[in-house]
Amino acid sequence: MITSVLPARPAPHEKRDESITAWALAARSGDAVAVDAFVRALHRDVLRYVAHLCADPQAVDDLAQDTFLRALGSLHRFEGRCSARSWLLSIARRAVVDSHRRAAARPRSADVPDWQLAVERAQPSGLPGFDDGVALLDLLAALPAERREAFVLTQLVGLPYAEAAEVSDCPVGTVRSRVARAREALQGQLA
């Protein structure tokens with residue numbers, strides 16, 4: 001059996017991550033175009049990740065903005081030892097944790113007697129796929145937090161397991177196990 005050795009081609013997300021990391025490194029020196037490209041490339045990923053970690057859908061945009069403010073403020077310390085996307089999602093995770101801590105320290109107030117009903121009525125319901133999206137969010141919400149985070153990072157945000165492990169601050173095997181158990185639980189819920 002003859003096998004040829006071809007150079008491994010990077011996966012599409014690896015090429016994208018290399019570009020994003022290059023923009024982050026260029027942005028360190030004040031390149032405004034690189035800053036804009038960096039933010040645009042990762043804005044959707046940050047929004048999606050924060051939305052799945054955060055219990056308050058009204059706070060998602062604020063948390064994403066906080067993430068980028070923190071990242072841009074500490075960009076001078078980014079050295080490119082990991083992908084800029086992993087680095088930024090780690091910052092997003094800390095922003096959500098800090099938000100939860102702040103929220104726990106003060107009481108919540110609402111103008112209406114049933115604020116949950118008011119929020120549900122304010123959500124658009126005629127959009128295509130809205131009901132499916134709500135069902136998916138309900139299914140994901142039923143998962144334990146660690147499994148939900150691993151599933152969202154790898155299956156929805158698209159991070160490789162190694163980067164998801166960096167963001168989650170746990171071993172790669174643990175991420176794989178959490179994703180497998182999350183899939184199993186989601187399939188069981190669908191059945």
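Let's start with Ser-168, which sits in helix α8. This is a predicted model, and in it Ser-168 is buried, at a relative accessible area of 7%. Setting aside residues within four places in sequence, the partners of Ser-168 are Arg-93, Glu-149 and Leu-153. Two residues of that trio, Glu-149 and Leu-153, turn up again in the contact that α7 makes with α8.

**Around α8**

Ser-168 has company inside α8: the buried residues of this helix also include Glu-163, Ala-164, Ala-165 and Val-167. Glu-163 is worth a look on screen, being a glutamate on that buried list.

What comes straight after α8? The helix is followed by Asp-169, with a positive phi near 60 degrees. That is a positive value in a residue other than glycine. Asp-169 belongs to the loop between α8 and α9, the latter covering 172-190. Is Asp-169 buried or exposed? With a relative accessibility of 68%, Asp-169 is exposed, because the cut-off for that class is over 50%. So stepping from Ser-168 to Asp-169 takes you from a buried residue to an exposed one.

**Helix packing**

Now for how the helices lie against one another. Helix α7 spans residues 145-156 and α8 spans residues 161-168; they pack at about 140 degrees, with axes 10 Å apart. That angle makes α7 oblique to α8, because roughly antiparallel would need an angle over 145 degrees. The crossing of this pair is right-handed. On the α7 side, the contact is built from Glu-149, Leu-153, Thr-154 and Gln-155, while α8 brings Tyr-161, Ala-164, Val-167 and Ser-168. Sorted by class, that is 4 nonpolar, 3 polar and 1 charged residues.

On to α8 and α9, whose axes come within 8 Å and cross at roughly 100 degrees. The two are therefore roughly perpendicular to each other. Here α8 contributes Tyr-161, Ala-162, Ala-164 and Ala-165, and α9 contributes Val-172, Val-175, Arg-176, Val-179 and Arg-183. The split is 7 nonpolar and 2 charged, with no polar residues. Tyr-161 and Ala-164 appear in the contact with α9 and also in the one with α7.

Further towards the N terminus, α2 (residues 32-53) packs on α3 (residues 60-73) at about 135 degrees, the axes being 9 Å apart. These two helices are therefore oblique to each other, and α2 passes α3 in a right-handed crossing. From α2 come Val-35, Phe-38, Val-39, Leu-42, His-43, Val-46, Leu-47, Val-50 and Ala-51; from α3 come Val-60, Asp-61, Leu-63, Ala-64, Thr-67, Phe-68 and Leu-72. This contact counts 13 nonpolar, 2 polar and 1 charged residues.

Here are the three pairs side by side.

| Helix pair | Angle between axes | Axis distance |
|---|---|---|
| α2 and α3 | about 135 degrees | 9 Å |
| α7 and α8 | about 140 degrees | 10 Å |
| α8 and α9 | roughly 100 degrees | within 8 Å |

**Trp-23 and its surroundings**

Trp-23 lies in helix α1, residues 12-28. How exposed is Trp-23? At a relative accessible area of 33%, Trp-23 counts as partly exposed. Beyond four places in sequence, Trp-23 touches Ala-34, Ala-37, Phe-38 and Ala-41. Phe-38 is also one of the α2 residues in the contact with α3. Another spot to check is Val-33: 10 residues separate Trp-23 from Val-33 in sequence, and their C-alpha atoms are 8.5 Å apart.

**Cysteines and the whole chain**

How many disulfides does the structure hold? The search across the whole structure comes back with 0. As for cysteines, Cys-54 is buried, with a relative accessible area of 12%, whereas Cys-82 is partly exposed at 23%.

Stepping back, the chain has 9 helices and 0 strands, so listing the elements from the N terminus on simply gives α-α-α-α-α-α-α-α-α. Of the 191 residues in the chain, 32% are buried. Counting contacts with a separation of 6 or more, 66% link residues 24 or more positions apart.

Definitions and conventions:
Residues numbered from 1 in each chain as written. Predicted model: local features only at pLDDT ≥ 70, side-chain atom pairs only at ≥ 80, totals over all residues. Heavy atoms only, no water. Axes fitted to C-alpha atoms, helices over the stretch in contact; angles between N-to-C directions. Helix = DSSP H or I, 4+ residues; strand = E, 2+ residues; numbered from the N terminus. Parallel < 35°, antiparallel > 145°, perpendicular 65-115°, else oblique. Left-handed = near helix turned anticlockwise from the far one by under 90°. Contact = heavy atoms within 4.5 Å. Nonpolar A, V, L, I, M, F, W, Y, C, P; charged D, E, K, R; others polar. Disulfide = S-S within 2.5 Å. Buried < 20%, exposed > 50% of the residue type's maximum accessible area, 1.4 Å probe, protein only.
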